[in-house]
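Me: I am new to this structure, and I would like a close look at a single part, the nonpolar core. Please begin with what it takes for strands to pair, and then lead me to the core step by step.

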Amino acid sequence: MADLKISQLNSLAGTSLANNDVLAVVDTSASETKKITSVELVRYGYGLISSGTLDGDIIEAATTTDRGTVQLTDATDSTSTTTAATANSVKLAYDRADSALQTTGGTITGSLIITADLTVQGTTTTIDTTTLAVKDKNIEMGVVGTPTDVTADGGGITLKGATDKTINWVDSTDAWTFSEHIDLATGKEIYINGTSVLNATTLGSGVTGSSLTSVGTIATGTWNGTAVDPAYGGTGQSTYTDGELLIGNSTGNTLSKATLTAGSGVTITNGSGTIEIAATGSGGTVTSVDVTGGTGLTSSGGPITSSGSITVDLDDTAVTAGSYTAADITVDAQGRLTSAANGANVAKTNAANTFSSEQTLSAGLSVDGPYEQTAEAIAALDVDCSSGNYFTKSISTSSTITFSNIPSSGTAFAFTLELTLTGSSTAITWPSSVYWNGDAGQTAPTLTDARTHLFIFVTSDGGTTVRGSSLVDYTN
């Protein structure tokens, strides 16, 4: 290529520049012209820019449509289209996005602090926590556009349990309604308008009216009500004059007020809580008092002319003091025993006699005729041997029979039990002390349902061993 001036060279379009194209460069340090490829120029030229040797501003900046130089930045809040984010700014943005609240719902696993107002819009707000601490000292509920008692009706607090425990405002009663008891701590009271009306033991002094129909023992206090009617233990009176007394009046079963009326020779002076009765005139003076004994009576000590006492004694009779057996006695018109002697043991007459206690016949008993024994119906399942000797019982289910109050050892005792079975598959369990006839052990007889069975029991050792025999399967 002949020597040409630069201005004489043909222009090369930038789009036609190739990697191995050579450019002429003047090396000012050596005062000579040198060559450099386009690739080397770009590579080493950027190095001169980063070191400040070349002015980077003379190189066009990159845009969203053209390539060029860009400025890196760590900012995470920039809206520039000519700077590029560093890996650090990308990491910061990622971390913030990863920990940010999700606007479409989700779960926050860590603590959340809101420094501004919180508005929740929805039907139900659920707080799943053990303790809810609210710094505000006033909680508003039922906050609607136009609050009224109707919109407040039913509002309140519900504690879930086996049944709901509620505090609700009820519009129809115009009151807060509690579903459960209210238990105040010791020393606390219930106040209305700043005045105590009730504590654990006392109604407030301002409580002056009530509809009590029953009270306990009133130990102290002053009755300021209307007079209490005699039918309820009162007098029915509220005012009195000196000397007035309360007299029973059968008309209406009331108490009437009355004063004493002085008779002949008597004056009555009524005072405040006192009545003085005195003799007046010449009514006479008692100078002697005596008592004359009547039939069987003797008086002593009379007559009395000033002071003393008169004694009246019961006259002695011919009866010698002591105890008598099968006694023959004589009583006079005044009820005194005038004679008494031991009688002889004689046979009873034909008259019927009823003994309310046990009789002991030490010489035996001879009976010529029938004797009767009351059949004792057993109320439960126990045979009370102190109540008789013949017992009846109807049983519909399997049962256990017991014996009680058997006479002590050394006394022979026998009784009969008439047992009627009215059920099916009825099993009877007897006391372990019962031994049955013809049995070396204690096997009870087999009983048929819907039959009546007779059992005779005998014991002489207080019930330790009871001998039993049976007559079974009678038709009911």
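Reply: Two strands are said to pair if DSSP finds at least two bridges between them. The model is a predicted one, and a short example of pairing in it comes from strand S1, residues 22-27, and strand S2, residues 32-37, which run antiparallel to each other over six bridges. Within this pair, Val-26 stands opposite Thr-33 of S2, and in the hairpin that the two strands make, with four residues between them, Ser-31 takes a positive phi near 55°.

With strands in mind, we can turn to the core itself. The largest nonpolar core has 21 residues, and the members that touch the most others in it are Phe-403, Trp-430 and Phe-457. Several strands contribute to this core, since at least two of its residues come from each of S20 (390-395), S23 (409-421), S25 (434-436) and S26 (451-461). Of these, S23 gives the most, with five residues. In soluble globular proteins, nonpolar side chains tend to be buried together.

Phe-457 is a good place to look more closely. Because its relative accessible area is 0%, Phe-457 counts as buried. Leaving aside residues up to four places away in sequence, Phe-457 is in contact with Phe-403, Phe-413, Ala-414, Phe-415, Leu-417, Trp-430, Val-434, Trp-436, Val-466, Arg-467 and Gly-468, a list that includes both Phe-403 and Trp-430, named above among the members with the most contacts in the core.

The rings deserve a separate look. There are 12 aromatic pairs in the structure, and in one of them Phe-455 and Phe-457 are stacked, with 6.4 Å from centre to centre and 20° between the planes. Phe-455 is likewise buried, because its relative accessibility is 0%, under the 20% limit. Ring pairs also join Phe-455 and Phe-457 with Phe-391, Phe-403, Phe-413, Phe-415, Trp-430 and Trp-436 into a cluster.

A polar residue, Ser-399, completes the tour. Ser-399 belongs to strand S21, residues 399-400, and it counts as buried because its relative accessibility is 11%, again under 20%. The side chain of Ser-399 reaches the backbone oxygen of Thr-397 at 2.9 Å, and, not counting residues up to four places away in sequence, Ser-399 touches Leu-381, Ala-427, Ile-428 and Thr-429.

Conventions: Residues numbered from 1 in each chain as written. Predicted model: local features only at pLDDT ≥ 70, side-chain atom pairs only at ≥ 80, totals over all residues. Heavy atoms only, no water. Core = buried A, V, L, I, M, F, W, Y, C linked by side-chain atoms within 4.5 Å. Buried < 20%, exposed > 50% of the residue type's maximum accessible area, 1.4 Å probe, protein only. Contact = heavy atoms within 4.5 Å. Polar contact = N/O pair within 3.5 Å; in protein donor to acceptor, adjacent residues only side chain to side chain. Phe/Tyr/Trp six-rings, centres within 6.5 Å; stacked < 30°, edge-to-face > 60°.
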